Protein chains: 4
Amino acid sequence: MTRESLLTAGCHVVAAEGYAAASIAKIAETAGVAQGTFYNYFADRQALFDEMLPYIGLRMREAVEQAARDAPPGLRREVRRFEAFLRYVDENDGFYRILYEAEVFSPTAHRVHIENIVSGYRRTIRRAIATGRFPLMSDGKIECIIYQLLGMRAYAAMQIHSETNREQRARIIADAVDVYGRILNASLIVE
Amino acid sequence: MTRESLLTAGCHVVAAEGYAAASIAKIAETAGVAQGTFYNYFADRQALFDEMLPYIGLRMREAVEQAARDAPPGLRREVRRFEAFLRYVDENDGFYRILYEAEVFSPTAHRVHIENIVSGYRRTIRRAIATGRFPLMSDGKIECIIYQLLGMRAYAAMQIHSETNREQRARIIADAVDVYGRILNASLIVE
Amino acid sequence: MTRESLLTAGCHVVAAEGYAAASIAKIAETAGVAQGTFYNYFADRQALFDEMLPYIGLRMREAVEQAARDAPPGLRREVRRFEAFLRYVDENDGFYRILYEAEVFSPTAHRVHIENIVSGYRRTIRRAIATGRFPLMSDGKIECIIYQLLGMRAYAAMQIHSETNREQRARIIADAVDVYGRILNASLIVE
Amino acid sequence: MTRESLLTAGCHVVAAEGYAAASIAKIAETAGVAQGTFYNYFADRQALFDEMLPYIGLRMREAVEQAARDAPPGLRREVRRFEAFLRYVDENDGFYRILYEAEVFSPTAHRVHIENIVSGYRRTIRRAIATGRFPLMSDGKIECIIYQLLGMRAYAAMQIHSETNREQRARIIADAVDVYGRILNASLIVE
DNA sequence: CATGAATGAGAATTCATTCAT
DNA sequence: GATGAATGAATTCTCATTCAT
């Protein structure tokens, strides 16, 4: 309970002000406990940071999977995932910050987060290759494709995040999804 | 002279330990001057940070353009740029760190850096559309394509950066270039 | 408790070396706490400075009122106050320094301090006018009289402060009180 | 020449921002010379500070004497001096600051300044006693009177200085002069 | 004499962490 | 377990002063 509230408090503070400004004092105050209490649940500040991305990353992945569930497997579903991710970023401004700052402030967690997503893709693509919906290629190339897909996703998210106008954001999401879909369709299916 | 050595010292320290650990003390010591001297050339630490990305970003862009110069304009040249960028990241380990941490520690400079690259792409693509080598599309979509290309580049760089083995890196570069070329060819040319 | 000891430590340091030399390090050491502890009780150095004059000013005013209490109201009591003030300055060497340096280092507190004393006088004089013991005059003139009385007090204090010999000081106090009494008697009573 | 311009530059800076903020950098810049040049004319910052009050104090005393010259000697002339001083403070806002901050930042000069004025008064009063225009009294009492007169002057100046409205200031000067004249007339002449 | 870059000794302030209660 | 006062190391930044040119 207390632990959970410290974790969510940490997320709120980082979402609002970034890791650098997320002092134990602020986090404890936000969680409604004394500073000392923090150390009953986390070894140190870094320990909390390192749990934050897994925590919110899981929620994000669930939201994305939830949204993509009813799309047919394959490219359609992947495009849905892409769209769901962008929507999630649009609706959870703090998430993006926690995510991208993690590369700096919680590098281990960030690498694990990336690796989690990459291995999800890896499984999907292997399955797609097995069923012939995806061209046969080396593991190295698959890895590269995955990273490039992730990059498209991440930078579309950055584009959204750097736009403050609501309607423009909606437009960007629509355009980005369209572009992503075209690229995937054109290049990642077996003719 | 002193200013230049502070700037390069800053880059070295950030490359090695990140912006957060780049104290004035370390930077000044690396530059071989007294701490106070720092403030004869920069208003404060942030002022130095804000000059670092433009400084190394320019060098990187020059190296990339240099390498792409003798490729024919269009997709070929873009693939060359991609490759040159990855090579640059491979050979300048510090560059990647300075670049990606800038989003957190020098957001203004980072935005300018991204905008510089985006507007370079914008010009190129407009020209390609004018000569019919690129499908006609809305400005918004062009913007999205650019961001997704940038993302591919950035995450390919991240993949390289997170790999420590030299040969593996070379392999990743080759694969990533191949993948990037295929995607571009398949999706971004007028059939 | 800790707060109080920081406050009195601040007074001691300023009394001995002036506000300019009263570093947090010295104050904290004098109070017997770590430097960081200071900031648990005061927002910054200025915040402490701004509490010092009210703190010692109150004690001074109490001492003065205490001494003047058994004198008959009116000029007699005012002369007693004057004498008590000079004695207080004589016996509390630090007080004078904290007071006069405050005009520079804690201007707001100094203005409030002056205003406190001025309004005390204002009340007294209004009462004296109402009972006919004081000539009728405009508010502006009353204000001027008050300031000039304050000035007499302050410069008599300065004269004492700049004299190091104990006996000379006692002589100055006696003479100053006599002079003050004569001036008041001659000019500020209704004949 | 350079020395003079450094001196006046120092006065301007202190008048505008106070001694504490009067850095050598600002003073040298105001004087239009390099920082190093400062040390060709003054041993250190304090040396400049210690010359400032004598410098502007002299000008003030000259202005005051100039204004009082055509008044008949004795109380009338003293009241004129008082008025001239207040006018000087009114018209030279910086002067008051240089003067009162000197007690803190240039104590020796301040003491000398006070002593200069005191000894002027001493001579005048001795002469007045010799000619019977002033009651006979001990040297100690004379000294006390002088300090109290100075205090009246100083605090009337403070009252003016703390008032920002031009007209109110003029009113205060008139009232203060009137009050001062009454007090002097009532208490300091031989009946 | 003038210059102005370089110096480095402080100063204020922050904050993660500890620990006695 | 909870508390929150105390800690003190670390950091940024200022500025009087020096000195080689």
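Tutor: A residue is near a molecule or strand if its C-beta atom, placed from the backbone, lies within 6 Å of it. This is a predicted model, in which local features need pLDDT of at least 70, side-chain atom pairs count only at pLDDT 80 or more, and totals for chains, interfaces and linings use all residues. Residues are numbered from 1 along each chain as its sequence is written, while chains are lettered from A and ligands numbered from 1 in the order in which they are written.

Student: Which residues come nearest to DNA strand E?

Tutor: Of the 30 residues around DNA strand E, the nearest are A:Ser23, A:Asp44, B:Gly36, C:Gly36 and D:Gly36.

Student: And which helices supply at least two residues of that surface?

Tutor: Helix H2 (24-31) and helix H3 (35-41) do so in chain A and in chain C, and helix H3 (35-41) does so in chain B and in chain D. Helices here are DSSP runs of H or I with at least four residues, strands are runs of E with at least two, and both are numbered from the N terminus.

Student: How many polar residues has the surface near DNA strand E?

Tutor: That surface has 16 polar residues, besides ten nonpolar and four charged ones. Ala, Val, Leu, Ile, Met, Phe, Trp, Tyr, Cys and Pro count as nonpolar, Asp, Glu, Lys and Arg as charged, and the others, Gly among them, as polar.

Student: Turning to chain A, how many helices and strands does its secondary structure come to?

Tutor: Chain A has nine helices and zero strands. Its C-alpha atoms fill a box of roughly 60 × 35 × 30 Å along the principal axes.

Student: How many residues does each side give to the contact of chain A with chain B?

Tutor: Chain A gives 32 residues and chain B gives 32 residues; two residues are in contact if their C-beta atoms, placed from the backbone, lie within 7 Å. On the side of chain A, helix H6 (93-105), helix H8 (139-161) and helix H9 (166-187) each supply at least two residues. The largest share, 14 residues, comes from H8(A). By class, that side of chain A has 17 nonpolar, seven polar and eight charged residues.

Student: What rotation superposes chain C on chain D?

Tutor: A rotation of 179° with 0.0 Å of shift along its axis does, at an RMSD of 0.3 Å. The two copies are thus related as by a two-fold rotation axis. The superposition is by least squares on the C-alpha atoms of residues with pLDDT of at least 70 in both copies.

Student: Which residue of chain C comes closest to the rotation axis?

Tutor: That is C:Gly151, with its C-alpha at 2.0 Å.
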